[in-house]
Amino acid sequence: VLRARLEMAARRAGQSELEFAVRDAALQLLGRVPALADAERSVIGELLEQPAAGPLHLSVVEALVRQATPAAAQTLLEAWPHLGPTLKPRVLAALASRPAWHPLLLNALENQRIPLGECDRLHRQTLLQSGDADVAQRAAGLFLQGPQSDRSQIVTRYTEAVAQLRGNAATGKQVFTKVCAGCHAGATDRRPVGPDLAAVANKPAAALLQEIFDPNRNTASRY
C-alpha cells in the first residue's frame with residue numbers, strides 16, 4: 001500500500017495540469033524509500049529543467065537531497081544551469097555536506113559545469129579540509145593555484161598606492177552611477193545582480209580593495 005501511494009505521489013508531482021499545491025504536497029512524500037529512488041528521480045528530475053515548474057523547484061531539490069545517493073547528486077549537478085539564484089546555494093550546501101558527494105562536486109568544478117566563482121569560501125574550505133586526501137588535493141589544485149593565489153599580492157600592491165590618495169565623493173558618485181549601479185543599486189523591480197554596498201560605506205580602503213580584487217572570498221554564492 002505504501003509503495004503504491006508513493007508511486008502515485010511521484011506521478012502527481014510530474015502532472016502539470018494539477019495545482020501547484022497538490023504537486024508540492026506530493027513532492028514532500030518523495031525521497032524517503034531507497035527502493036523507489038530511481039523511479040522518482042526519472043519523474044521529478046525533469047522538473048528542474050522546466051521554468052514553468054519554478055515554484056516546485058525547492059521541493060524537488062529537497063526530495064533529491066533526501067535520497068542521498070550519487071545518482072541524486074548527479075541529477076542536481078546536471079540541473080545546475082537551470083537553477084535560479086536562490087536554489088544554487090541550497091544545492092551547493094547539500095553537495096558539500098555529504099563527503100560521498102565531494103568527488104562529484106569536484107568533477108563539476110573541474111569541468112566548469114559549476115563555475116569556480118559560484119563556490120563560495122565556506123564550501124571551498126569544506127573541500128580543502130576534507131579527510132579524504134584525494135578530495136583535499138583536488139580542491140587545492142582548484143582553489144590554491146593559478147591567478148587566484150596571486151590576488152593577495154595584487155591587493156597589497158594597490159593598498160600601498162591607494163594609501164597615498166585622497167577620496168573625492170562627487171567624482172566617486174559619478175563613477176558609481178556609470179559603472180557600478182547597474183548591478184549594485186537597490187532596485188526593487190528586478191533581482192539584484194550584486195550585493196547591496198550600503199554596508200561597506202565605513203569600511204577602510206584595504207577592505208574595499210580586497211572585495212574588489214578578490215570578491216569570491218566573502219561574497220555570498222547567490223550573486
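These are my notebook entries on a predicted model, with helix α4 as the main topic.

**Entry 1: overall make-up.** I began with the secondary structure and counted 12 helices and 0 strands in the protein. Read along the sequence, the pattern is accordingly α-α-α-α-α-α-α-α-α-α-α-α. I then looked up burial for the whole protein: of the 223 residues, 30% are buried. The accessible surface comes to about 13,300 Å². Carbon and sulfur atoms hold 55% of that surface. For contacts with a separation of 6 or more, I noted that 61% are between residues 24 or more positions apart.

**Entry 2: helix α4.** I turned to α4, which spans residues 57–67. How many of its 11 residues are buried? I found 8, so the helix is mostly covered, with buried meaning under 20% relative accessible area. The buried set consists of His57, Ser59, Val60, Val61, Ala63, Leu64, Val65 and Gln67. Next I asked which helices these buried residues pack against. The list I obtained is α2 (20–27), α3 (37–44), α5 (70–78) and α6 (87–97). I also checked the backbone just after α4, where alanine 68 has a positive phi of about 55°.

**Entry 3: α4 against α6.** I took one of these partners, α6, for a closer look. Two packed helices are described by the angle between their axes and the distance between the axes. For α4 and α6 I recorded a packing angle of about 5° and axes 11 Å apart. Angles under 35 degrees count as roughly parallel, and therefore α4 is roughly parallel to α6. I then listed the residues that meet. On the α4 side they are His57, Leu58, Val61, Glu62 and Val65. On the α6 side they are Leu87, Arg90, Val91 and Ala94. By class, the residues of this contact divide into 6 nonpolar, 1 polar and 2 charged. Comparing notes, I see that His57, Val61 and Val65 from the α4 side are also in the buried set.

**Entry 4: glutamine 74.** I next looked up glutamine 74, which lies in helix α5. Is this residue buried, partly exposed or exposed? Glutamine 74 counts as partly exposed because its relative accessibility is 30%, and that class runs between the 20% and 50% cut-offs. I also checked its spacing to leucine 64, a residue 10 positions away along the chain. The C-alpha atoms of the two are separated by 9.9 Å. Leucine 64 is one of the buried residues of α4, whereas glutamine 74 is partly exposed.

Terms used
Residues numbered from 1 in each chain as written. Predicted model: local features only at pLDDT ≥ 70, side-chain atom pairs only at ≥ 80, totals over all residues. Heavy atoms only, no water. Buried < 20%, exposed > 50% of the residue type's maximum accessible area, 1.4 Å probe, protein only. Helix = DSSP H or I, 4+ residues; strand = E, 2+ residues; numbered from the N terminus. Contact = heavy atoms within 4.5 Å. Areas by Shrake-Rupley, 256 points an atom, 1.4 Å probe, with all protein chains shown as cover. Axes fitted to C-alpha atoms, helices over the stretch in contact; angles between N-to-C directions. Parallel < 35°, antiparallel > 145°, perpendicular 65-115°, else oblique. Nonpolar A, V, L, I, M, F, W, Y, C, P; charged D, E, K, R; others polar.
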